[in-house]
Amino acid sequence: MTFTVPPFNTLFLPHSHSLKLLLFPCRSNFSSSNKNLRSTGRKILPLHYQNQEVLYPEMSKNLYADIEPYNTGFLKVSDIHTLYYEESGNPSGHPVVFIHGGPGGGTSPSNRTFFDPEFYRIILFDQRGAGKSTPHACLVENTTWNLIEDIEKLREHLEISEWQVFGGSWGSTLALAYGQSHPDKVTGMVLRGIFLLRQKEIDWFYEGGAATIFPDAWEPFRDLIPESERGCFVKAYHKMLNSDDKETQYAASRAWTKWEMMTAHLIPNEAALQRGEDDEFCLAFARIENHYFMNKGFFPSDSFLLDNIEKIKHINTVIVQGRYDVCCPMMSAWDLHKAWPEADFIVVPDAGHSANEPGTSEQLVAATNKLKYIIKEK
């Protein structure tokens, strides 16, 4: 059996153990013959599909309405760092923690709209040095392992025994690391734009790979660095971002941020580009990102997250990946899928990196709703 894939639909490689999922036969090869084309001109993709409409007739893929937090606060997690956090949705609902990207990106009100506010107790927080957390753009005591400790401190502060974890881009990195450190605290995961923080992923984006697709965006990023220092752009930017001169820091942070914002969407997004003009946002975003990448995520080995995947294979998880993600190319999501075939794997065929692209946002909402139904049926 084959199905036509309309816009914003996705390729599903489904979890083999959740709710007796409905599977459709898979053919071994793609075909480009005329018999595989409908009158619409769309090619039929003979892959496994999970028919969510059959499983859950009322499942929505639409973003939920904007809501305001019912609780906000600051949690001191060390002698140096204090984190901003907020709660919205249902105070008695199933808790879900949103792990933002970057690192250094911070949260925004739109992050709440991926979750059903009648079912979920939605927790957002800004990681060390990001967003409303203080001190701003601080790199001291700012490592992956510090952030994992912070997530646990926040969970305990909010008196939550276990929660669902949602993270995209760097958020997927931290979600995986947190889940592997505390698998008994995680009820489910939604991961988007997979970033395993391996050297080849950093080299792809910052050392010229992505430049082959976005040469116009790359050249301003490249040209800020003297030719003699272009052997490693991450190292060269590290020098500028940690300069004693504040204006040098700002210039480097704007260039670093604009490069990522110009490549994060399949179709350029004006709102994202404007973030590259906000010096305070850029400073935290660029300094913290660069700090983590210089230190290879503070992981003991390049394949650390893949090597420890057995620790979380039992957790119901949905992976959502844009086919044309230039920031976190699909090779990483594919490697994760191969190491973790039990997780649902969804490829959005007409999306880049951003969670806010229509096809991706639809599938993220569908994923949180799927996990909602799994919890309800327990």
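# A first look at this predicted model

H5 and H7 are roughly antiparallel to each other, and their contact is a good place to begin. In this predicted model, the axes of helix H5 (residues 215–223) and H7 come within 9 Å and cross at roughly 170°. Angles over 145 degrees count as roughly antiparallel, so that is the word used for H5 and H7. The protein chain has 12 helices and nine strands, and 57% of its 378 residues count as buried. Welcome to the tour; the points below go topic by topic.

**Helix H7 and its two partners**

- Two packed helices are described by the angle between their axes and the distance between the axes.
- On the H5 side, the contact with H7 is made by Ala217, Trp218 and Phe221. H7 answers with Ala255, Trp256, Trp259 and Met262.
- The residues of the contact of H5 with H7 divide into seven nonpolar, no polar and no charged.
- H7, which covers residues 246–263, also meets helix H6 (residues 233–241). The axes of H6 and H7 come within 8 Å and cross at roughly 140°.
- H6 and H7 are therefore oblique to each other.
- H6 brings Tyr237, Met240 and Leu241 to its contact with H7. From H7 come Thr248, Gln249, Ala252, Ser253, Ala255 and Trp256.
- In the contact of H6 with H7, six residues are nonpolar, three are polar and none is charged.
- Ala255 and Trp256 of H7 appear in the contact with H5, and Ala255 and Trp256 are also listed in the contact with H6.

**Two cis peptide bonds**

- Gly102 and Pro103 are joined by a cis peptide bond, with omega near 0°. To find Pro103, look in the loop between strand E4 (94–99) and strand E5 (120–125).
- The peptide bond from Thr134 to Pro135 is cis as well, and its omega is about -5°. Pro135 sits in the loop between E5 and helix H2 (144–157).

**The loop between E5 and H2**

- Ala137 belongs to the loop between E5 and H2. Phi of Ala137 is near 60°, a positive value in a residue other than glycine.
- With a relative accessible area of 3%, Ala137 is buried.
- Glu141 is also part of the loop between E5 and H2. Although Glu141 is not a glycine, its phi is positive, at about 50°.
- The relative accessibility of Glu141 is 41%, so Glu141 counts as partly exposed.

**Helix H2 and what follows**

- H2 has 14 residues, which at 1.5 Å a residue should span 20 Å. The end C-alpha atoms of H2 are 20 Å apart, so the span agrees with the expected value.
- Several residues of H2 are buried, among them Leu147, Ile148, Ile151 and Leu154. The buried residues of H2 also include Asp150, Glu152 and Arg155.
- After H2 comes Glu159, and its phi is positive, near 55°.

**Cysteines**

- A disulfide is a covalent bond between the sulfur atoms of two cysteines. How many disulfides does a search of the whole structure find? The search finds zero.
- For Cys327, the closest cysteine sulfur is in Cys328, 6.2 Å away. A disulfide needs the sulfur atoms within 2.5 Å, so the sulfur of Cys327 is too far from that of Cys328 for a bond.
- Cys327 is buried, with a relative accessible area of 8%.
- Cys138 is buried too, at a relative accessible area of 13%.

**Helix H12 and contacts across the sequence**

- Thr368 is part of helix H12 (residues 358–376). Is Thr368 buried or exposed? At 0% relative accessibility, Thr368 counts as buried.
- Leaving aside residues up to four places away in sequence, Thr368 touches Phe114, Phe115, Tyr120, Gln164, Phe166 and Val190.
- Asn356 lies in the loop between strand E9 (344–348) and H12. A relative accessible area of 55% makes Asn356 exposed.
- Asn356 and Asn111 are 245 residues apart along the chain, while their C-alpha atoms are separated by 9.5 Å.
- Over the protein chain, take the contacts between residues at least 6 apart in sequence: 75% of them join residues at least 24 apart.

Note on methods:
Residues are numbered from 1 along each chain as its sequence is written. This is a predicted model: local features need pLDDT of at least 70, side-chain atom pairs count only at pLDDT 80 or more; totals for chains, interfaces and linings use all residues. Side-chain values use heavy atoms; hydrogens and water are left out. Axes are lines fitted to C-alpha atoms, for helices over the stretch in contact, and angles run from 0 to 180 degrees between N-to-C directions. Helices (H or I, at least four residues) and strands (E, at least two) are DSSP runs, numbered from the N terminus. Angles under 35 degrees count as roughly parallel, over 145 as roughly antiparallel, 65 to 115 as roughly perpendicular and the rest as oblique. Contact means heavy atoms within 4.5 Å. Ala, Val, Leu, Ile, Met, Phe, Trp, Tyr, Cys and Pro count as nonpolar, Asp, Glu, Lys and Arg as charged, and the others, Gly among them, as polar. Buried means under 20% relative accessible area, exposed over 50%, partly exposed in between (1.4 Å probe, protein chains only). The expected span of a helix is 1.5 Å times one less than its number of residues.
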